[in-house]
Amino acid sequence: MSTEAAARTEEEANKAVVTEFMEVFSRGDVDAILGFLTDDATWWVAGAIEGISGEKDKAAFGEMLGGLSTLTTAGAIALTPKALTAEGDRVAAETESYAEMTNGRVYNNLYHFVFELSDGRIRRVKEYLDTEHTRAVFLG
């Protein structure tokens, strides 16, 4: 197998992991979500939204997910990937979310995620989103 073919295979495998991760995330099973992450994984969220923004380790990310799931009527925020681009161990994902909230609002945001993977697991995520929409829905 050529180096180019091997890279393409790795990139396709990484895109498949990210796609499956979003499917599991959409069901709200925090333990299953965390199972996709390496032990030393970090998740960074853009902006300055108290309790959401900044960098979290795996345990803190799990705690945040548990809290967020109680705020939605379905127990989860559904993530739908719209476009995926992979290069090496990185996958960029344009994504849309949807959740009906217990406060009566609808959370429907657009994201750009950058996932970095290692041996088929997610080790780092950067999440860019409309922070004003997030603030309005969760804190407004």
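1. E116 is part of strand 6, which spans residues 110–118. The model is a predicted one, and the remarks below should be read accordingly.

2. The relative accessibility of E116 is 11%, so the residue counts as buried, the cut-off being under 20%. Its side chain makes a polar contact with that of R90, at 3.4 Å.

3. Leaving aside residues up to four places away in sequence, E116 touches D89, R90, R121, I122, R123 and R124. R90 is thus named both as one of these neighbours and as the partner in the side-chain polar contact.

4. As to the overall fold, the chain comprises four helices and seven strands. Read from the N terminus, the order of elements is α-α-β-β-α-β-β-β-β-β-α. The chain is as compact as a globular protein of its length, because its radius of gyration of 15 Å is close to the 14 Å that the globule rule gives for 140 residues. Along the principal axes, the C-alpha atoms occupy a box of roughly 55 × 30 × 25 Å.

5. Concerning packing, 41% of the 140 residues count as buried. Among contacts in the chain with a separation of 6 or more, 53% are between residues 24 or more positions apart.

6. On the surface and charges, the chain exposes about 7,400 Å², and 49% of that area is supplied by carbon and sulfur atoms. The chain carries 13 positive and 24 negative charges, and the mean positions of the two sets lie 2 Å apart.

Methods:
Residues numbered from 1 in each chain as written. Predicted model: local features only at pLDDT ≥ 70, side-chain atom pairs only at ≥ 80, totals over all residues. Heavy atoms only, no water. Helix = DSSP H or I, 4+ residues; strand = E, 2+ residues; numbered from the N terminus. Buried < 20%, exposed > 50% of the residue type's maximum accessible area, 1.4 Å probe, protein only. Polar contact = N/O pair within 3.5 Å; in protein donor to acceptor, adjacent residues only side chain to side chain. Contact = heavy atoms within 4.5 Å. Rg over C-alpha atoms; globule rule 2.2 N^0.38 Å. Areas by Shrake-Rupley, 256 points an atom, 1.4 Å probe, with all protein chains shown as cover. Lys, Arg positive; Asp, Glu negative; His and termini not counted. Charge placed at Lys NZ, Arg CZ, Asp CG, Glu CD.
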